[in-house]
Amino acid sequence: MALVSADSRIAELLTELHQLIKQMQEERSRSEHNLVNIQKTHERMQTENKISPYYRTKLRGLYTTAKANAEAECNILRKALDKIAEIKSLLEERRIAAKIAGLYNDSEPPRKTMCRGVLMTLLQQSAILPLWIGKPGDKPPQFCGAIPASGDYVAKPGDKVAARVKAVDGDEQWILAEVVSYSHATNKYEVDDIDKEGKERHTLSRRRIIPLPQWKANPETDPEALFQKEHLVLALYPQTTCFYRALIHTPPQRPQDDYSVLFEDTSYADGYSPPLNVAQGYVVACKEPKKK
């Protein structure tokens, strides 16, 4: 029943989103018409080579309208982004519910293991985070870029995290994992290794879990929400599901850019790999000291 309810709500939200997109197009047409009038008025002023009281009054009115149009357009966009966020949340809840139902359904045959190429494609898609867009004066929230979660935050089922686990050889490593549950009694998480599709579960303390970013920071408006050059981080090595220590080589310069990082690698003379690109969603702070 929960899945049916989610499907119904998603259908409603998609209808509402479609209406908002239509409103956006209408608002954009009004804005463009007003901007054309502003441009024509400036051209007339240049032709007449004077700024009369008439033109001053007219331009004041046109710019006031342009400001109101921009604010209306911005409000519609924010509503649309909220709808998209709610749809994504419902889709994730539906995925988790289906996963749980599959885990406890003995009548179905076991699923085949996902091939490596498909897994890597899904990880690349998961790395595409929504860009955080605040109102004037707003500061980026937790989970935006480099801004970590608050100390009392508890990750939710389905959240992607960096998890420190013991490997088969006894060494410890940071892996990409998905939260299954959290026990307030023991203060421990149960997480699934992403690479094992729920076949390898770990019980870990909070200090071994780092929640991943949920919003992409805009370097043009919120550079303080990004790791800067030579900052020590944990970054997901390309085409793997493991996090390794790295130094920021170049932070994103544009909203669509990734980090450029230098992974620690003793096979190179200076101890670091050549620059590699890693998405914002897979870069978190490293609390361990930098190697000398």
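## Briefing: helices, strands and side-chain contacts

Asp257 has a relative accessibility of 17%, so Asp257 counts as buried (buried is under 20% relative accessible area, exposed over 50%, partly exposed in between, with a 1.4 Å probe and protein chains only). That residue belongs to a predicted model, where local features need pLDDT of at least 70 and side-chain atom pairs count only at pLDDT 80 or more, while totals for chains, interfaces and linings use all residues. Residues are numbered from 1 along each chain as its sequence is written, and side-chain values use heavy atoms, with hydrogens and water left out.

**Overall build**

- The protein has three helices and ten strands (DSSP runs numbered from the N terminus, with helices being H or I of at least four residues and strands E of at least two).
- Reading from the N terminus, the order is α-α-α-β-β-β-β-β-β-β-β-β-β.
- The radius of gyration comes out at 25 Å, whereas a compact globule of 292 residues would sit near 19 Å (the radius is taken over C-alpha atoms, and the globule rule is 2.2 Å times the number of residues to the power 0.38).
- Along the principal axes, the C-alpha atoms fill a box of roughly 85 × 60 × 40 Å.
- Of the 292 residues, 35% are buried.

**Salt bridges**

- The whole structure has 15 salt bridges (a side-chain nitrogen of Lys or Arg within 4 Å of a carboxyl oxygen of Asp or Glu).
- Back to Asp257: its side chain meets that of Arg254 in a salt bridge, at 3.0 Å from N to O. Arg254 is partly exposed, at 43% relative accessibility.
- Elsewhere, salt bridges with shared partners tie Arg9, Glu12, Glu16, Lys83 and Glu86 into one network.
- Asp7 pairs with Arg94, and their closest N and O atoms are 2.3 Å apart. This one links distant parts of the chain, with Asp7 in helix α1 (residues 2-48) and Arg94 in helix α2 (residues 53-103), 87 residues apart.
- Both ends of that bridge are partly exposed: Asp7 has 35% relative accessibility, and Arg94 has 32%.
- Glu71 and Lys67 make another salt bridge, with 2.7 Å between the closest N and O atoms. They are four residues apart in helix α2, so about one helical turn separates them.
- Glu71 counts as partly exposed at 42% relative accessibility, while Lys67 counts as exposed at 53%.

**Aromatic rings**

- A search of the whole structure turns up six aromatic pairs (rings of Phe, Tyr and Trp, the last by its six-membered ring, with centres within 6.5 Å; planes under 30 degrees apart are stacked, over 60 edge-to-face and the rest tilted).
- Tyr237 and Tyr244 are an edge-to-face pair because their ring centres are 6.2 Å apart and their planes stand at 90°.
- Neither label is "buried" here: Tyr237 is partly exposed at 30% relative accessible area, and Tyr244 is partly exposed at 38%.
- Phe263 joins Tyr237 and Tyr244 in one aromatic cluster.

**Cysteines**

- There are zero disulfides in the structure (a disulfide being a pair of cysteine sulfur atoms within 2.5 Å).
- Cys74 is in no disulfide, and the nearest cysteine sulfur, that of Cys144, is 16 Å away. Cys144 is likewise in no disulfide, with the sulfur of Cys74 as the nearest cysteine sulfur.
- Their surroundings are worth a look in the viewer: Cys74 is partly exposed at 30% relative accessibility, but Cys144 is buried at 0%.

**Surface and loops**

- Leu81, Ile84 and Ile133 make a nonpolar surface patch of about 260 Å² (patches are made of residues with over 30% relative accessible area and no salt bridge, joining like charges within 9 Å and nonpolar side chains, namely Val, Leu, Ile, Met, Phe, Trp and Tyr, within 5 Å; areas come from the Shrake-Rupley method with a 1.4 Å probe, and for residues only the protein chains shown count as cover).
- Ile133 sits in the loop between α3 (116-126) and β1 (160-166), and Ile133 is partly exposed, with a relative accessible area of 48%.
- Val168 lies in the loop between β1 and β2 (172-183). With a relative accessible area of 91%, Val168 is exposed.
- Val168 and Asp7 are 161 residues apart along the chain, and their C-alpha atoms are separated by 41 Å.
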